[in-house]
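Visitor: I would like to learn how to read the features of a protein model, beginning with the whole and moving on to single residues. Could you take me through it slowly?

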Amino acid sequence: MNNPFIELGIRHDIVNAISELGFENPTPIQEQSIPVLLTGSNDFVGLAQTGTGKTAAFGLPLLELLDFEENHPQALVLCPTRELCLQIANDIKNYAKKMNNVHVVAVYGGASIMDQLRQIKRGVQIVVATPGRMLDIINRKAIDFSAVKYVVLDEADEMLNMGFQEDIDSILSTTPEEKKTWLFSATMPAEVRRIAKKYMTDPFELTMGAKNTGNANIEHEYYIVRARDKYAAFKRIVDFNPDIFGIVFCRTKIETQEIAESLIKDGYNADSLHGDLSQQQRDKVMKRYRERSLQLLIATDVAARGIDVNDVTHVINYSLPDEIENYTHRSGRTARAGKTGVSISIVNAKELGKIRQIERVIGKKFVKAEIPTGFDVCEKQLFSIVHKVHNVTVNEEQIEQYLPRIYEEFKDFTKEDFIKRFASIEFNRFLDYYKNAPDLNANIEEGRNRFEDRGERGNGVRGNFTRLFINLGSVDEFNRGDLLGYICNTTKISGRTVGKIDVKGVYSFFEVQNEDVDKVMTSFKEAEYKGRPVRIEISGEGTSERREGGYRGGDRREGGYRGGDRREGGYRGGDRREGGYRGNERREHSSGGGFRDFSGKPREDRPERRRRF
Ligand code: AMP
């Protein structure tokens, strides 16, 4: 049987090269566009997501159509980012590996223009470029596009998004009228429709899936949490997916940095990618991500453009994008090359409307998911360890020398004992961490949730609950679960009767049922924590809530705290951690930051004319 690419009209030397890349069958977009593009006589509009095989869909026909005996530019591929530019140029070079005299040059900003000029001078048939640098080179009169036959506008929506419209106009004005233009775009906003009209005559249109829709292999999920629980909920989702290889999208550079910092402190392999990094730094982060030294890449929309990593299992929208189209771009980073993937959005109740809007645009329903309980996470992690042990590749040769000592160490263990202990190594970490972990789902169906929306009646009394102040907080290594455990142990009241718990820096608030107030106050009367008296007060009766700007805890100063360091949820005193809880490292609210409300911070993205929520 003939190779299916041969049947599409691709010649043997190219088919041999792509076979070596593992291309056995054409992807749907390749199957449908290659025969059309090979005629060389059509303008073309292809609506397709990233990761669908677009590059070969236009790259293979270009290699068929150009005359490689000639050494002048015959094809120009414009794309939005340096990463994509390099990727496309490399891909085309790989497809042409077995051909002679094929010269492809990647032209992009942030690298030496002299090198690029030299390569152009040596002779090139295919130029792959980002618009800014391309225009620069055109303005230097260092390239001649008068014999260009094909222009490819890849990720056209992204290029417009990034404000390249004028650059594209100027670049295209230097190419001949009769050239053919092939445009690829993941979405079809009105602006793309307009440039298609402007540059093309009667283009052949190919839509993979419905317009603006996402990839069918992506499942879309959302979780509803209270704003202050977002970080903790996010970590639970990550812990519930031990094999996650994900991209986490934030709206601002600051947010990406803060989340990445908190994750690193909490023991995850994570790093951030945003516009303030130098190209070198970005390359380094991407290299680590590609090599999977990083499990989580925290990125802004702009920085993540052109990320072409396969096998991304999850896209997490830590913050929803401002423009609906960006949601499609974000989620398109997973489920590439025929794989499946999950796009998760962590939202608060007020953002449900946005989810519905996205559903309408992508033509797909989101699934409402529940933040896993601590128990769920522990169970998941336990079986992940079990599977890992089951599937591990044993390096017989290397381990052999140690086996006698290992057997000796375990000689008194039964098989069952051994299995139990082995599985407990990691499991205990999670168990410790998640014991008493609170429910993080904001139960909006009931119109209220357990911790919120109780009518405030003053003097700490809210409905059946009284709000109490305690002079212990995150600097004492308490998260809400820890504090709940501590309160219940000390007072012997049931955790179920404790209401909302707010852990602050050097103090916290918690709610107990009105009838339990006396019992709690009495139980804590003589209580000490690490040699320090514990103070409980009814909130509002002389506690920090009355003071603007929060508690400045005089008694804590004696202990050596410096007020300036005390930010709500933002205490940075790393030294405090040494005395306290560290073992697991993965902490729900890290003392180094935990969740912060980032609202109101400037966005990295420049203002755009896109559809906004
Ligand atoms: P692209 O959309 O061009 O970025 O391609 C996404 C990924 O799919 C890249 O890693 C390609 O190497 C891979 N790919 C493209 N076409 C095929 C194919 N026909 N068979 C297998 N993998 C492919």
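Guide: What follows is a walk from the whole chain to some of its salt bridges, strands and surface residues.

Guide: This is a predicted model, in which local features need pLDDT of at least 70 and side-chain atom pairs count only at pLDDT 80 or more, while totals for chains, interfaces and linings use all residues. Residues are numbered from 1 along each chain as its sequence is written, and side-chain values use heavy atoms, with hydrogens and water left out.

Visitor: How many helices and strands does the protein have?

Guide: Helices (H or I, at least four residues) and strands (E, at least two) are taken as DSSP runs and numbered from the N terminus. Here the protein has 24 helices and 21 strands.

Visitor: What share of the residues is buried, and what is the accessible surface of the protein?

Guide: A residue is called buried under 20% relative accessible area, exposed over 50% and partly exposed in between, with a 1.4 Å probe and protein chains only. Of the 613 residues in the protein, 54% are buried. Accessible areas come from the Shrake-Rupley method with a 1.4 Å probe, and for residues only the protein chains shown count as cover; the total for this protein is about 28,200 Å², and carbon and sulfur atoms hold 48% of that surface.

Visitor: What do contacts say about residues that are 24 or more positions apart?

Guide: Contact means heavy atoms within 4.5 Å. Among the contacts in the protein with a separation of 6 or more, 77% are between residues 24 or more positions apart.

Visitor: How should I read a salt bridge, and how many are there?

Guide: Side chains of opposite charge can pair when their charged atoms come close. The rule asks for a side-chain nitrogen of Lys or Arg within 4 Å of a carboxyl oxygen of Asp or Glu, and the count comes to 28 salt bridges. One of them joins Lys235 and Asp266, whose closest N and O atoms are 2.8 Å apart. Lys235 lies in helix α11 (residues 230-240) and Asp266 in the loop between α12 (253-265) and β10 (270-273), so this pair ties together parts that are 31 residues apart in sequence. Lys235 counts as buried because its relative accessibility is 0%, and Asp266 is likewise buried at 0%.

Visitor: Which residues are joined with Asp502 into one network by salt bridges that share partners?

Guide: Let us take the pairs in turn. Asp502 forms a salt bridge with Arg467, where the closest N and O atoms are 3.3 Å apart. That pair links distant parts of the chain, with Asp502 in strand β17 (residues 498-503) and Arg467 in strand β16 (residues 465-470), 35 residues apart. Asp502 also pairs with Lys500, the closest N and O atoms being 3.9 Å apart, and both Lys500 and Asp502 are buried. Through shared partners, salt bridges join Arg228, Arg467, Lys500 and Asp502 into one network.

Visitor: Is Asn317 buried or exposed, and which side chain does a polar contact join to that of Asn317?

Guide: Asn317, found in strand β12 (residues 314-317), is buried because its relative accessible area is 0%. A polar contact is a pair of N or O atoms within 3.5 Å, where within protein one must be able to donate a hydrogen and the other to accept it, and residues adjacent in sequence count only if both atoms are side-chain atoms. Such a contact, of 3.5 Å, joins the side chains of Asn317 and Ser343. Beyond its neighbours within four places in sequence, Asn317 is in contact with residues including Phe249, Tyr327 and Arg330.

Visitor: Where does Tyr529 lie, and how far apart in space are Tyr529 and Leu472?

Guide: Tyr529 is placed in strand β19 (residues 528-529) and counts as buried at 17% relative accessibility. Tyr529 and Leu472 are 57 residues apart in sequence, and their C-alpha atoms are 8.5 Å apart in space.

Visitor: Which residues form a nonpolar patch on the surface?

Guide: Patches are made of residues with over 30% relative accessible area and no salt bridge, like charges being joined within 9 Å and nonpolar side chains (Val, Leu, Ile, Met, Phe, Trp, Tyr) within 5 Å. Here Val392, Val394, Ile399, Tyr402, Ile406 and Phe410 form a nonpolar patch, together having about 480 Å² of accessible area. Val392 sits in the loop between α17 (374-391) and α18 (396-400), and at 52% relative accessibility Val392 counts as exposed.
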